[in-house]
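Open the model in your viewer and keep the selection tool at hand. This tour goes from stop to stop.

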Amino acid sequence: MPRTPQDYTDNTGGKPNWCPGCGDFGIEAALKMAMAKMDLDPDNVALVSGIGCGANAPYWFSTYGLITLHGRPLPVATGTKLANHELDVIAWSGDGDAYGIGMGHFIHAMRRNANLVYLVGNNTVYGLTKGQASPTAEKGQKSPSTPFGTPDPNIDPLQLAMSSKCSFIARGYAGNLPHLVNLIMEGIKHKGFALIDILQPCVTWDKIHGYDYYQQKTYDLQQSDHDITSKKAALKKMMEPADKLPIGIFYKEERGVYEDEQPQFENGPLAKQDITNVDITKLFEIYSF
Ligand SMILES: Cc1ncc(C[n+]2csc(CCOP(=O)(O)OP(=O)(O)O)c2C)c(N)n1
Ligand code: SF4
Ligand SMILES: [Mg+2]
């Protein structure tokens, strides 16, 4: 029997506690639909998150799940993939988790080309901690922490990804499910680090970037003549004026992935190697003082 999105739902942990209308529901649904369409075995998927509203997602999935520390899902997801590179590893962050406290890990995971999918719910706020401006909040955006408007210009995660040598750079929208499902499937199929920044309304703390806003501004990049192999074309699209928000794959390239370049994995994943007769006395001799 083909799998359905329901097969990826954990029925023991209650229902998501997101505010009604939160964009996280769209991301959750799209991820489950993508996994069902690809018929992924839930026992072969690890969902690794940080801390935040969206990052609570692993509670409600039947896959393996790990909720780590704020900003730290990528080191744990990378380690998970290195220990068993036969797993499909999906990391899930909010914009504060990924582009604030987790920024260093974000850049290094991309340049390493760790073979992961990274879903980032980008709602321009720290939703869980009551709506402070995040690094993607635009200059002048008012929030509980910036009542007179944030003085800092926003960062663009896509341009950052390009300069960090990310091999798959995409933007989705939590209110466009068919599009997001396809994007997630493409990200899972990609061999390398797949960043999917997802425009995600926070209906409680950000009254500007709601569904109406994104409905009017987003358009499908793949319906234009965009060349996903051209860095120049991708950067041009990323820098389009703010009244247009392209969603889709901006850039994609094939290059060596992190785990393939480690000699330790020549005999298969570490987690599956026989360790019953491994002699480590030599190591003690070398490293004991
Ligand atoms: C080291 C550390 N600093 C701060 C916090 C408090 N904290 C928890 S979630 C969060 C922000 C989450 O924002 P984001 O990643 O954008 O996720 P969202 O809630 O918007 O989905 C913060 C600051 C924490 N848990 N740990
Ligand atoms: S505070 Fe915002 S991001 Fe968090 S659950 Fe509510 S709507 Fe979603
Ligand atoms: Mg956020």
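A residue is called buried when its relative accessible area is under 20%, exposed when it is over 50%, and partly exposed in between. By that cut-off Val125 is buried, because its relative accessible area is 4%. Keep these words in mind; they return at several stops. Note too that this is a predicted model.

**Stop 1: the whole chain**

Show the chain as a cartoon. Nine helices and ten strands appear. The C-alpha atoms fill a box of roughly 65 × 45 × 45 Å along the principal axes. How does the radius of gyration compare with that of a compact globule? For 289 residues, such a globule would have a value near 19 Å; the chain has 20 Å, which agrees.

Now switch on the surface. About 14300 Å² is exposed, and carbon and sulfur atoms supply 56% of that area. Buried residues make up 49% of the 289 residues.

Colour by charge next. You will find 26 positive and 32 negative side chains. The centres of the two sets lie 6 Å apart.

Contacts reach far along the sequence. Take those between residues at least 6 apart: 70% of them join residues at least 24 apart.

**Stop 2: the magnesium ion**

Select ligand 3, the magnesium ion. Which residues coordinate the ion? They are Asp95 through OD, Asn123 through OD1 and Val125 through O, at 2.1 to 2.2 Å. Along the sequence, the donor residues follow the spacing D-x27-N-x1-V. Asp95 belongs to helix α3 (residues 95-101) and Val125 to strand β5 (residues 125-126), so this pair ties together parts that are 30 residues apart in sequence.

Check the burial of two donors. Asp95 is buried, with a relative accessible area of 2%. Val125 is buried as well, at 4%.

**Stop 3: two positive phi angles**

Most residues other than glycine have a negative phi. Two selections here have a positive one.

Begin with Thr124. This residue sits in the loop between β4 (117-122) and β5. Its phi is positive, about 65 degrees, although Thr124 is not a glycine. Is Thr124 buried or exposed? It is buried, with a relative accessible area of 5%.

Then select Asp39. Look in the loop between α1 (24-37) and β1 (45-49). Here phi is near 55 degrees, again a positive value in a residue other than glycine. Asp39 is partly exposed, at a relative accessible area of 41%.

**Stop 4: Arg171**

Move to strand β7 (residues 168-173) and pick Arg171. Arg171 is buried, with a relative accessible area of 9%. Add Ile247 to the selection. The two are 76 residues apart in sequence, yet their C-alpha atoms are 4.9 Å apart in space.

Now expand the selection around Arg171. Leaving aside neighbours within four places in sequence, its contacts include Leu158, His179, Leu183, Asp197 and Leu199. Leu245, Pro246, Ile247, Gly248 and Phe250 are also among them.

**Stop 5: Asp10**

Finish in the segment before α1, where Asp10 is found. What does Asp10 contact, beyond neighbours within four places in sequence? The partners are Tyr59, Trp60, Phe61 and Ser62.

Last, draw a distance from Asp10 to Met162. The C-alpha atoms lie 36 Å apart, and the residues are 152 apart in sequence.

Methods
Residues numbered from 1 in each chain as written. Chains lettered and ligands numbered in written order. Predicted model: local features only at pLDDT ≥ 70, side-chain atom pairs only at ≥ 80, totals over all residues. Heavy atoms only, no water. Helix = DSSP H or I, 4+ residues; strand = E, 2+ residues; numbered from the N terminus. Rg over C-alpha atoms; globule rule 2.2 N^0.38 Å. Buried < 20%, exposed > 50% of the residue type's maximum accessible area, 1.4 Å probe, protein only. Contact = heavy atoms within 4.5 Å. Areas by Shrake-Rupley, 256 points an atom, 1.4 Å probe, with all protein chains shown as cover. Lys, Arg positive; Asp, Glu negative; His and termini not counted. Charge placed at Lys NZ, Arg CZ, Asp CG, Glu CD. Donors = N, O, S within 2.8 Å, 3.2 Å for Na, K, Ca; no water.
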